[in-house]
Amino acid sequence: MVKICCIGAGYVGGPTMAVIAVKCPAIEVVVVDISKPRIDAWNSDKLPIYEPGLDEVVKACRGRNLFFSTDVEKHVAEADIIFVSVNTPTKTRGLGAGKAADLTYWESAARMIADVSKSDKIVVEKSTVPVKTAEAIEKILTHNSKGINYQILSNPEFLAEGTAIEDLFKPDRVLIGGRETPEGRKAVQALKEVYAHWVPEENIITTNLWSAELSKLAANAFLAQRISSVNAMSALCEATGANVSEVSYAIGKDSRIGPKFLNASVGFGGSCFQKDILNLVYICECNGLPEVANYWKQVIKINDYQKSRFVNRVVSSMFNTVSGKKVAILGFAFKKDTGDTRETPAIDVCKGLLGPSGTSSRSWTTRRSSTTCRSRPLSSTGATWSTPRSSGRSASSSTPSASRSMGGSRTCPQSPNSSPQELQEFNKLLRRRGIFCQA
Ligand SMILES: NC(=O)C1=CN([C@@H]2O[C@H](COP(=O)(O)OP(=O)(O)OC[C@H]3O[C@@H](n4cnc5c(N)ncnc54)[C@H](O)[C@@H]3O)[C@@H](O)[C@H]2O)C=CC1
Ligand SMILES: O=C(O)[C@H]1O[C@H](OP(=O)(O)OP(=O)(O)OC[C@H]2O[C@@H](n3ccc(=O)[nH]c3=O)[C@H](O)[C@@H]2O)[C@H](O)[C@@H](O)[C@@H]1O
């Protein structure tokens, strides 16, 4: 029986391994993490992350061929294929701070693999990493390798939160990069066979290591660039009387442009787009390409501009002062169908509104978890959490912060927990305040 171990039981490691386990009953999959609360939650009825369809997939194979454990070293030592899906945030200190990826967690995982391994391993980069990371990892693994053969593969993940299970069941493509040597090709083939259990062969792309690593950063940069492009257009629409929803519909009908990722918004959020573009910018700078770095930097600048423009519009719609007023933020996660609040634009909106004068802001979300909110707390004193009923009743203004368009109708986050009556009542309340909700 092939044994897979995944280091990192987060938004990527958990769902990805659950899908591999459910699709490959003959493979044993163990997901390990240094966080005991996270592993305990994966082993409980209340999973640590919310993803539509995830509960069913986990229930179908947990205890059969899917296991969650904190015994990291034991399962790494026993595995044939090790996925590394640890966090790779933006560095906050030292060389490249504010831009470069912090590979501390990756490096410590690699050192541990080197320490405990007694047999040959395929080590798979699942985390998003800078191009050429595999070279550094290879050095760590092969230093003192005790005759063990390590093959490093790059297999970046393209799932989006909120649709992770759907994306994993039917990926547009699976990308596998490996060394162009006989051993490298053999390792690529071994990983390809895992995905081939449910992904059509033509959707499994194989490349060299560096192309796979860079393709992940490039894909996120291109997606974020589309959002910044349409957001930039929304500013012009507002200045000229054009409707950005109509403009994006019209341009999206061009088959060369396509309709996806053209929704104007308060600006993109989430733990990856900004981090990965900053990382790309840093790599360009390190490679002596300042013009290319500046090009991608602009995607983030427009995103920041959009968030502050949004705050300014809210303030100006309230007679240029929010002092003493209550504002309800509808939906605090960075998008619908997730509880993830990492880098949510709602934080910047709240901060912008709270400003020095300390407006009181209440946030409503159905999938918030204490762990995700703690990742970037609102330090200001004016913010409180509340339910849609109480927030809606007392707020002077409601600000939908996920899945909304600044230029056309506004969409409020869907609420799988709320009853239809509750939503109806909430919608009525919003309509009275001039906000139209498509729940
Ligand atoms: N969140 C997403 O939708 C996507 C994320 N990615 C990338 O995947 C990677 C992981 O992202 P997430 O799953 O969101 O992160 P996460 O923060 O949810 O999960 C990472 C987990 O790794 C664990 N960990 C860290 N160091 C460890 C070690 N040495 N041994 C064992 N466990 C360790 C942490 O405790 C944490 O539970 C990142 O590089 C991210 O850029 C890629 C595609 C989608
Ligand atoms: O590397 C990653 O982490 C992932 O990043 C994104 O996935 P995710 O951040 O989960 O969610 P998206 O659906 O891409 O949304 C990101 C942000 O863009 C915003 N957005 C999205 C689409 C759009 O048209 N307009 C818009 O403002 C969303 O509201 C959200 O704030 C990518 O879509 C995934 O392919 C990638 O794997």
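Ala, Val, Leu, Ile, Met, Phe, Trp, Tyr, Cys and Pro are counted here as nonpolar, Asp, Glu, Lys and Arg as charged, and the others, Gly among them, as polar. By this division, the shell around ligand 1 has eight nonpolar, eight polar and seven charged residues. The structure in which this shell is found is a predicted model, and every value reported below was computed from it.

The shell of ligand 1 comprises 23 residues, of which Asp-33, Arg-38, Thr-88, Glu-161 and Lys-275 are the closest. Polar contacts to oxygen atoms of the ligand are made by several side chains. In the case of Thr-88, an N or O atom of the side chain is 2.5 Å from an oxygen atom of ligand 1, while for Asp-33 a polar side-chain atom lies 2.6 Å from an oxygen atom of the ligand. Arg-342 likewise places a polar side-chain atom 2.9 Å from an oxygen atom of ligand 1. On its own, ligand 1 has 830 Å² of accessible area, and the protein covers 91% of this.

Ligand 2 is surrounded by 19 residues, with Leu-159, Lys-216, Asn-220, Ser-265 and Cys-272 coming nearest. This shell divides into 11 nonpolar, four polar and four charged residues, and its largest share, four residues, is supplied by α9. The polar contacts computed for ligand 2 include several that involve the protein backbone. A backbone N or O atom of Gly-269 lies 2.9 Å from an oxygen atom of the ligand, a polar backbone atom of Phe-334 is 3.0 Å from an oxygen atom of ligand 2, and for Glu-157 the corresponding separation between a polar backbone atom and a ligand oxygen is 3.5 Å. Ligand 2 taken alone exposes 700 Å², of which the protein buries 88%.

Helix α9, which contributes to the shell of ligand 2, spans residues 209-240 and contains Ser-228. Because its relative accessible area is 4%, Ser-228 is classed as buried, the cut-off for this class being under 20%. When residues up to four places away in sequence are not counted, Ser-228 touches Phe-268, Val-299, Ile-302 and Asn-303.

The chain as a whole has 16 helices and 12 strands, and buried residues make up 50% of its 439 residues. Among contacts between residues at least 6 apart in sequence, 76% join residues at least 24 apart. About 20,400 Å² of the chain is exposed, with carbon and sulfur atoms supplying 53% of that area.

In the interior, the largest nonpolar core has 42 residues, and those with the most contacts inside it are Ile-4, Met-17, Ile-20, Leu-66, Phe-83 and Tyr-195. The contacts of Ile-4, leaving aside neighbours within four places in sequence, include Met-17, Ile-20 and Phe-83, together with Ile-27, Val-29, Val-30, Ala-79, Ile-81 and Val-194, and also the charged residue Glu-28. A second, separate core of 27 residues includes Ile-7, Trp-106, Val-116 and Val-123.

Two polar residues illustrate further buried positions. Gln-151 is placed in strand β6 (residues 150-154) and counts as buried because its relative accessibility is 11%. Beyond its neighbours within four places in sequence, Gln-151 is in contact with Lys-121, Ile-122, Val-123, Arg-179, Glu-183, Gly-184 and Ala-187; of these, Val-123 is also included in the second core. Thr-133 lies in helix α6 (residues 133-142) and is buried, with a relative accessible area of 5%. The side chain of Thr-133 reaches the backbone oxygen of Pro-130 at 2.5 Å, and, leaving aside neighbours within four places in sequence, Thr-133 is in contact with Leu-103, Glu-125 and Glu-213. The C-alpha atom of Thr-133 is separated by 13 Å from that of Lys-216, a residue 83 positions away along the chain.

Positive phi angles were also found in loop residues. Phe-319, which is not a glycine, has a positive phi of about 60 degrees and lies in the loop between α12 (290-317) and β9 (326-330); at 72% relative accessibility, Phe-319 counts as exposed. Asp-337, situated in the loop between β9 and α13 (345-354), has a positive phi near 60 degrees, but counts as partly exposed because its relative accessibility is 24%.

How values were computed:
Residues are numbered from 1 along each chain as its sequence is written. Chains are lettered from A and ligands numbered from 1 in the order in which they are written. This is a predicted model: local features need pLDDT of at least 70, side-chain atom pairs count only at pLDDT 80 or more; totals for chains, interfaces and linings use all residues. Side-chain values use heavy atoms; hydrogens and water are left out. A residue is near a molecule or strand if one of its heavy atoms lies within 4 Å of it. A polar contact is a pair of N or O atoms within 3.5 Å; within protein, one must be able to donate a hydrogen and the other to accept it, and residues adjacent in sequence count only if both atoms are side-chain atoms. Accessible areas come from the Shrake-Rupley method with a 1.4 Å probe; for residues, only the protein chains shown count as cover. A nonpolar core is a set of buried Ala, Val, Leu, Ile, Met, Phe, Trp, Tyr and Cys residues joined through side-chain atoms within 4.5 Å. Buried means under 20% relative accessible area, exposed over 50%, partly exposed in between (1.4 Å probe, protein chains only). Contact means heavy atoms within 4.5 Å. Helices (H or I, at least four residues) and strands (E, at least two) are DSSP runs, numbered from the N terminus.
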